[in-house]
Structures are given as structure tokens and as C-alpha cells.
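Student: I'm new to this one and would like a close look at a single part. Could you walk me through it slowly?

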Amino acid sequence: MLVTFWVIATFTFFLMQTLPGSPFNDERLSESQKERLYERYGMDEPVPLQYITYMKNIFKGDFGVSFQYDGRSVSNIIGERIGASAVLGTQSLIVGTILGIILGIIAALRHNTSIDYGAMVISVIGISVPNFVFAGLLQYWVGVRLQWLPVAFWEGFEYSILPTISLSVFVIATIARFMRTEMLDVLGQDYIVTARAKGLNGFSIIIKHSLRNAAIPIVTILGPMTVSLLTGTLVIEKIFSVPGLGEQFVKSIMTNDFPVIMGVTLFYSILFIGIVLIVDILYGIIDPRIRLSGGVK
Amino acid sequence: MIIKNKELTDEMFLPAKSRNSTEQISRPANTYWQDVWRRFRKNKAAFTGLILITLILLLAIFGPYANHYGYDEQNLSRANLPPKIPILERFPWIGFNGVDINGVDKYEESKVTGYYWFGTDNLGRDLWTRIWKGTRISLYIAFLAATIDLIIGVAYGGISAYYGGRIDNMMQRIIEVLVGIPHLIVVILLILVLQPGIISITLAMVITGWVGMARIVRGQVLKLKEHEYILASKTLGAKNTRMIWKHLIPNSMGPIIITTMFTIPTAIFTEAFLSFIGLGLQPPIASLGTLINDGYKLLRIYPHMLAFSAIIISLIMISFNLVGDGLRDALDPKMRK
Amino acid sequence: MDVKNLQVSFDTYAGEVKAVRGVSFHLNKGETLAIVGESGSGKSVTSKSLMKLIPNPPGRITSGEILFDGKNLVTLTEKQMQNIRGSDISMIFQDPMTSLNPTMTIGKQIMESIIKHQKLPKKKAKDKTIEILEMVGIPDAVKRISNYPHQFSGGMRQRVVIAMAISCNPKILIADEPTTALDVTIQSQILELLKNLQKKMETSIIFITHDLGVVANIADRVAVMYAGKIVEIGTVNEIFYNPQHPYTWGLLGAMPNVNYRGEELITIPGTPPDLLNPPTGDAFAARNQYALEIDFRLEPPMFKVSDTHYAATWLLHEKAPKVILPESLNKPGLSLSNEKSKESLMKKTDKRQKLLEIKNLKQYFRTGNKQFLKAVDGLSFDIYKGETFGLVGESGCGKSTTGRTISRIYNATDGEILYNNESIFGKKSDSESQKLNQKIQMIFQDPYSSLNPRLTVADIIAEGMDIHELYMNKKERMERVYELLETVGLNREHANRYPHEFSGGQRQRIGIARALAVNPEFIIADEPISALDVSIQAQVVNLLKRLQKEKGLTYLFIAHDLSMVKYISDRIGVMYKGRIVELAESDELYQNPLHPYTKSLLSAIPIPDPKTEHTRKRIKFDEKLSRNGEEEEPVLREVKKGHWVACSEQEYLKINNKDSEVISIYGV
């Protein structure tokens, strides 16, 4: 894990170094003023020195100072913006996962019927159509034409509904497909036949026996799922003008605000690595085969 | 247990004359791929997807030549015209009659006599031509990226799995580190540095994308190595090249093709995504991504600009996903005899 | 239970497959009925239908009655069946690895049915579960009740499965090939367990299997199934000593009897029919050498041979001609001690040259940091030109690894292997390596993974020739391929077909043809028949024997089926934990086993002869006990001429009662 992080950090650093132009292109600044700015931001020192400073600062949690918002520290910016994104992301994840699991189970139980077929078609659409297309559709029809829900900004719970829906479509679709495959796989296993042979009825077979076995692998895709959500927020926040971290990131890209770009990148990376770690640990706890790798007697 | 009382003649109890050899096979010979194609065709969704892809490909190649408007002809007097198609214009509810959402017939208003099938954009350029040209570019980037991904991925995964041991371990370590890096972040950073362009976008996607293919190929080859016909080849004295080209790769084609089928929509999505956050291709080049981005700005007033490119990109992604799914099902050897 | 004319079909995309076409039998209280048949006979489908466990769709019971306890099970609703399953009738399945839910403790799984059917409160159910676990022989039941299935070995898991099945004192227990996936010694333990439980609980057992030896061991009555029908049914003695149906003759003749050594096994040519379009008349007619004209026109009804013995064959009709049975079927249970052949074998041994010498072979595999799996740990033996050397042992003993090391798939960790007095390891020039590849060839176990599904049969067979460039032009290549196909009993037309169109037995023959294509001298056969049906096994074994005679081949035959190994081998080595513990000529080994492990193994093989089975005693092998607290590693010593046993000095002296001069010691 740490190696990955180090690679990203170094990569980001050197990438920033190679970017053409400087953020201080304002003609109003005189040469001396520019020099002072450079000095302030440490951009006049030789590259290796800058690198070391950079790494040291990261460990302290200091990602530097934003160019665009004069003087504000990057960490400060991140801290301010993370709220909205966190809410959006978590909401989408929870809603998406629950709906996805339910949809997947229903599709598996009604295998090869029109319900199954329909659910799968919906899933394919859900993972294929880009989320900004959905967002656009929702904005247009629900927000403008029907005027049921607000389409921009972040002033209350109802403001989060459309963005959450847009983000969670992908989650629902992916998890539904996955759950369906797993469920079908489990239902075909020998131990389910054993359970039937014991005289257990359908309901208890599904809930007690299949669910746990089918749901455990979902934990493995939570990692990549979070990444998708993360990148999804970049677009969705921009479309719905949600004041979150994603929107900030996009803005910073447009304004070449390097410290913010780097800072947010590193932050996202830490987040992602952290989630992968948690997922690994979770998987080990839930699956008794791993938890108790007992000896054979 | 009851003996039937039927007329049984004596001659029925003579020993039977010899019949056909017992080693016959009744069915005609089918190669593996013929079988796969048969199963694939039966899957209606997948087959539909295939047809859609073919349609879109054909339109992408021939579409821009269908009408006489150029790709980059700007004509401000014809800006923002809604779509208008002959014959279909008789049915107002479809929306191809040149009338915008306020009910105004813009063609009359601007005194335009020609038909713009998909309408025009804010600079008066014909959208039909631009969209199909854009599709071409998007598809080109996607196929290019997928092909390079395939080459690198197959080589890396194949070598890693075939030689095994320490080489495999080392190569796997590298992959583990790379997998932990979120793709889109790297792509964004790379585009920032390299400046958007067809090659740079393709490059950025390839650098992050080959890992997936490598892992699949490695998994497949490792599985195949356990099959006894590989061992048999070895005892017969087969050299490495023979093993790889005659045995391992043909039997890995399945997962390789499936993965490629799923790489393409990912690439298209990435390109559109980049345009959306401002890192897409620059004008005058148009791709589906840039068209969507442009269309977005005028969503509320002139929805037709976004609608067509959004629909087409969705169709492309849906069909590739359907075909990929269908292939995955068709390649699954559930039946043995 | 009384089953009348049961018919079960499956609706597949190709049409309706009639898996069971009219099965009738009755089951008495407290008896064991064995249903025997090969793959495709319909025995598994029948057993599952008794409990209505066939998934619907695509399967359905098209007609017939299953009368149990005054009710016709076919007409009951699913809910009513659920009450019967697990409490009145229960079932155990073949694969203990997958029959248990991996994420539920075994305690919970057993308690489930107790709670549901007997309505006991949790505490009482737990006590009962512990009681049952102890009854099936699981030690430390109180602690192990909260273990998960993966913490048990295969045999233990099967006991858990049995515990689940008997937990509610069922009247009928259906056992679907419960021991097929287990080692021979574990199998005999489980069979004993079942017999004990039956005595205690007066349960009737329906036991499904393809192994006639197991049938002889455990059954009271036997039903033989073929192509979805019962072709013969009777008491176990009647079936084994007075079989009437040609298929039963075929089955009995195809199994080599350890007590009898003959020349060729009786085979049943061809393969079972396609149940999508069942043939008219007797389904077995096409493969039946005793078929009559009427067999191809009308299905034979059940003819009565005695009150308990019925067979469905036109041969029993009064107008049918009398049939003379082949020798081997009339004399089961007689042991032929071929003193003469033994002597001649001895003489040959002295004059023969050693083709393969293995000295102290070690093969270790890394299983993580600093840990090794010692698959082969000091193996030594020789193989002489022209003989068949059998290598037996249970799973995990290292026999497969040995085969693969000899064919140089693996590089040995230590030790030496000499072929024709030259080491096969070490640096070799290309041409030397090539020559060895030609001389030593291998046949593999799994017919489904031993052929490349993308290549035609011709390409597969010719691969060796292609590599070594053994032909001038394409025509010659194809000629050779045709020749080989015919040698192994297939047709020329098969050359441009693909492996998936062939049956298991045919695929194995293609594998043999492939090995023969390079004109080898020495063939290693790694469990070549384990995955095949009994009647097909006989075909392949006969082929191997014939080829050996015709081409003067030397075989190393690796297997765990001891009766087949004894039949085909001249000398046999018994492996245990990576070493040979006993080595002798086949007859000698079986008549006079010295090592405790060999004795235990031999006592566990089921013999298809009810009289001997019922009077045999099981010998258990306890490794620690046999060491007698000795520190030194046992070494192979020649105890009699040609008979080697792994033992310590002291044991050797005890056996021989001679002075301490040792004739020769392997592996020093």
C-alpha cells in the first residue's frame, strides 16, 4: 500500500514540475513581485530540494497553499469541500448497494423469466449510459420540465436527490448484475441441494443459506466501485453545481491551480488505498474460510 | 413383471445380424467457433447489440458523406436550427420538423430552405456530419487504445504466467502497485501535462488500461497450464513457441476478446468524461465527448444538440456491453457432448 | 417403499431426454438395495426423483407412482414433500467437499433439520446433535460442533453429512455414490459406519454406485440399471452367482477380480445410447453380442427367474437359444495360483535388462516461505524392459508426481533417474533431449483436459510427429494418423473431428494414439482409467495389453484401483507418503503382503464377490504403532527373492529369522 502511495506522490510531483507555464501569468505583477511569489511558494529552489520538502509536508498533512485562492491552504480547502462530496458519495453507495442487492436477488430467483430479462436489460443500460447523460436527462425532465426537484446547488436534503440518483444508477446496475450472478452460482451448488433434501422450505434456503454465500464476494468489488463513485462525483457535482470536492477539483484543473490539483489527487489516493485496506480486512472477517484456516483433522 | 402374451414367432429368436459399428458419431463436425457463434446468435440481446454496432460503424464511416454539408462550415445565419428530416417532418410529435421547443419554426424564421437532419449548432455547422465524424474519432481512439492494451496486456500477462516462479512474482508485484492507483486520476494528470490530443488521450488510457488485460490473460494461462494437454505437449518435446502459439493463445482467445469488448466502452466513456471536465479534444476536432459537452451548455433551450450525441454514445456503450455479455455466455462451455 | 413404472424426462433445448423410462422396484424395511449402473443409466435421476428433488423445469416426472407410507409421493405438493424430506426419507450425496454450506457451522446445519422436523428447542437440539456426531464417529464432538466444514477432512465431512441425514431417524436413507470420491480405506470405514447405523436404527438404505465390489460388500438386493430402465433385479447372491442379463455379464466380466488372473477382460463395446432418441427395442441391443433379432424390435419385459430375481432379456424366453457364458464368469471366488507363470517370471527377471532405474528420488515443492511439501521422499525402484510395473497408493502419496518427474515435466529436487543407463536430468543437447522425448511418453488421467479442444484429432495425434519431423509429406502424415486411429480402435473418419464430440473412453484412446505416434519404448500411464466407466475401463486396459504385446512396450502403470493394477501389472510397488513401502510381483503381493500398510490397503478393497466380502475383516493401519517406537527410518530390504519391504533392521530379522546378512538394500 505504502509503495503505491509513494509512487503516486512522486509521479504527481514530477508531473507538476513538467507542466508548462506558471500560474502567475498576471501582467500586473512586476518581476520583483513575481520573484517574491516564487520564493514564497518555494518554487525557486532546485527540484530535488523541492521534492524533499514536498514529501515532508505531505507527512505533516500539509499539501501546500492554493494559487487560486490566495493563501488558503489546500488542506483547508479540502476540508471545507469534503462535506458535500462525502454526503453525496455515501448516500449513493448505500442506496445503490441496497437497491442493487434486492434487484439482483429478485432477478436470480425469477431466473429466465421476463422479470429477470427486464432487470438485466435495465442493468446493462445502467452501466452503459454515462452518468452525465442520466444527469442531463434528470435535470431536463424532472428539474426543468416537471419542476419537481431542484437542479442545482446544495441547500437542503432535496437538493441531493437528483445528484444521488444520477450517481447511484451505476452502483445499482453493477451490484445487481454481480449479485444475480453470485446468487445463481450459489443456488446451483451442491449444498443447496442438500438443504432441500433436508426438507427446508424455499424462504429459509434463500435467506439462511444462499444470501451469506452470495453476498460475501460483493465486498471485493466495493473497492473499484468507490473509485467509480469518486470519479463520478467530478462530473455530477459540476452538472448540479454541488459545492463538493469534485467540483473544486475540476475548477482547479481549469485554472491550473497545481497545489490543489496535487493535494486532491493525493487525498483521493489515500482514500482509495484506505478503502481497499478496509475491504480486505472486512473480507477476512466475513468469510469463515479465511478467518479460520484451521488444520485438517 | 408380467409377461405379455403376444404373437412371438420363432424366427425372432435367431441371433441378430451384425449392425453398424458402435463407434459412430452422428453429428456433423463443428469447430469450436461455429458452436460459439451458434450460441451467440440465440441470445437476442447480444445479437441486437452486434447489429447496432455494425449499423453505427457503417454510419460513422459513410454518414458524413450522406449529405452535402461540410464538417466545419460555419454559417451564423443558420445557427441553432432544430433537426428537420423530410417525411418525418409530417409528424410533429417526433420532433424532426424544424420547430424548437417554443413552437417557433426556426427554418421559416431564418429563411432556410435546406434540410439539416440533426439540426445545427450555435455556429451554424451541420450536426449530422459533425456527429458522425465525432463518432469516428471516438471509435478510433477507443479501438486504438483497446488494441495497444491487448498487445501489451497479452504479452505481459502471458510471459508472467508462462514462465511462472520468480519472474511471475516480480511482475505481479508491479501490477499490485499499479492496480492501487485510481485510473482516472492518472489519466487526468497525464492529460494535464501532455495537453489534450488524440495521441495523448490514447496514451493516457493505455498506460492505465493494460493492467486489466494482463491480469485476465495471466489468470487464464495459469489455469490452462494445469490442463493435461499442455503437459502432454511438453512430454512430446514441444518448444516454448509451439506451446504459446498453438496451445495457450488459441485457448485464451475467449477471455481476451471479451475483455476487449468491455475495454472499448470504457475508453469511449473516458474520452467523453475528459471533455466534460475540460480536458477533451480541442476544436475544431469534434468527438462525441466534445459534442456532448457543447450540447450541454445549451440543454435548456436547444435540447437537440445534446440529445443525438448522448443517444449515440449510449447506444455504442450499450451494444458493446451486450455483445460482451453475450460472448461471455456463449464461450462458457456448459454443454460437453 | 414401492415404485411403479416411474418415468422422468428432461426438457432440453434439443428436445425431451427420457432419463428414466419405466423403473419399478420395492424396498423392504431394514434392507439395503443397491442400484448399479454406469453414467447415463439414470440411477442418480431415479434416486433424486424419489424425493422429488429434480429441478422443475427442466425435469419432470412424466408418469408412475412412488408409494411410501400409504401415500403416492408423485401427487404430493411441495410443502408436503418438505415435511417428508429429512425426516422420513433423507439423502446423502457424492461429493463431501461441496455438499456442506461453507459459511455455516456444522452444528447449525445438523440442528436445522432437527429443529424443523422434531420441533425440539435449541438446547435439546444441540444435545441431540452432539449425540449424533459421536454416533458417526467424530471425536471431540462438543468442541467440533462449532467448526466449519473446511476444517474437516473428506472422510470426516462425509460423516457429518451422514449425521445430518440420520438426525431425524429416517425410514429410508438414499445414498448417491457416497464413497466414490473417497480413498479406499476411508471408503471401507464409511461403509462400515452405514452398516452399523442400519443395524441400530433399522433404516432401509438405497445405495447407488457403479462399483460392484461395494455392492457385494453392502447390499442385500441389487438392481442393475441401463439406459433408464432396470434390466435385472435380485438378491445379491443371485446377481453375482447367477446373472441372467448380458449387460450384467458384461459388468461382472469387466471387473478384474483380485482373486483371479485371466487373459482378457470381457468388454462391452461402444457407448450407452442417446436418450434423446431412445432406440426401439432393447436399448442394450446394439452393444450386446448375444442380441437376438427381437431385441431390435421389441423391448423385453421382465422375466421371472425366481421369486426375488427378475431380468429383462429375451434370452429368458422359452424360444430363445441357450447361451454359453465365458469362463471367467463361471468361476468367481477361485484363486488361480499360477505357480508355473510365477516361475517363468522369476527367470525372466534375472535375464532382463533394466530400462529405468530410480535412485533415491526426492521431489519437494515450495508451499510458502521455508515450507516444503515432500511429495516424493526417497524413492527407489527399477523397471525392466517389457514389463508392466504398477505403482499404487492413495491420494497424496506421490505416485503422480513420480510419473511426471520421470517424464521430465518436473525437475527432480534430488536423486537420480537412469534410462538405459543414462541420467535423464542434467544438461542435454537438443537432439539428446529430443530422443528422450520420443522414448518416454505419457498417458494422462482426465480425458476432458488431456486433449486441446481447438485442435482436430489428426493434429492432436500428429503433434509428436510434427515436432520430431517423422514424416516426409502431408500424405504420409495422414496415413500414419489413420493407422494409429485404427490401432486404437477408432475410425479414419474421426481424424478431422474435434475432441468434444467424443466420449471419455474414446478420448483416452486418442491420447494413447498420440503417445504411440512417436514410437516410444516406455509409457507412463498416470491413472488412465480412473475417470472412465467400468465397461469402458476394460476396453482401454485390453488395448494397452495388446499394444504391449505387439510393440514390446514397457509400462509404468499408476493407479489407486488396486484390482485393476494387479490385473495388468507384473510387479507392483506400494507407495505411502512419498516412499515405497512394499514391492513384489502382483500375485505375491496379494497373497503374501508383509507391510502393515499394504495389508490394510488390501483388506479395504471391495471385491465383487459377496461371499468373500461378508466374511472379510478390515485391518487398520496405524502408522505410529507399526514403528514400535523405533527411531531409525525404515529402509527397503529384500525379504524374499523379488519381494521388498520397508522395515527396520530388527523387523527384517524377525521376518526372516536368518542371520543379519542383508541381501541388498535400496536407496543407500
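Which residue in strand 8 of chain C does C:Ile172 stand opposite?

Tutor: Keep in mind that this is a predicted model. The residue you're after is C:Ser204: that's what C:Ile172 stands opposite in strand 8 of chain C. To get from strand 7 of chain C to strand 8 of chain C, the chain goes through helix 7 (residues 184–201) of chain C, making a right-handed β-α-β crossover. The two strands run parallel, and 5 bridges join them. Strand 8 of chain C covers residues 204–209.

Now look at another partner of strand 7 of chain C. Strand 6 (residues 89–92) of chain C pairs with strand 7 of chain C as well, also in the parallel sense, over 4 bridges. Here you can pick out C:Leu173 in strand 7 of chain C, the bridge partner of C:Ser90.

What about the side chains? C:Ile172, C:Ile174 and C:Asp176 point one way from strand 7 of chain C, while C:Leu173 and C:Ala175 point the other way. Whichever way they point, all of these residues are buried. Strand 7 of chain C spans residues 172–176, and 5 of its 5 residues are buried, so the strand is largely enclosed by the rest of the structure.

For a contrast, try C:Val17, which sits in strand 2 (residues 15–26) of chain C. C:Val17 counts as partly exposed because it has 19 C-beta neighbours inside 10 Å, and a residue needs 20 or more to be buried. Leaving aside residues up to four places away in sequence, C:Val17 touches several others, including C:Phe10 and C:Leu275.

Methods: Residues are numbered from 1 along each chain as its sequence is written. Chains are lettered from A and ligands numbered from 1 in the order in which they are written. This is a predicted model: local features need pLDDT of at least 70, side-chain atom pairs count only at pLDDT 80 or more; totals for chains, interfaces and linings use all residues. A residue is buried if 20 or more other C-beta atoms lie within 10 Å of its own, exposed if 12 or fewer, and partly exposed in between; C-beta atoms are placed from the backbone. Two residues are in contact if their C-beta atoms, placed from the backbone, lie within 7 Å. Two strands pair if DSSP finds at least two bridges between them. A crossover is right-handed if, with the strands pointing away from the viewer, the path from the first strand over the helix to the second runs clockwise.
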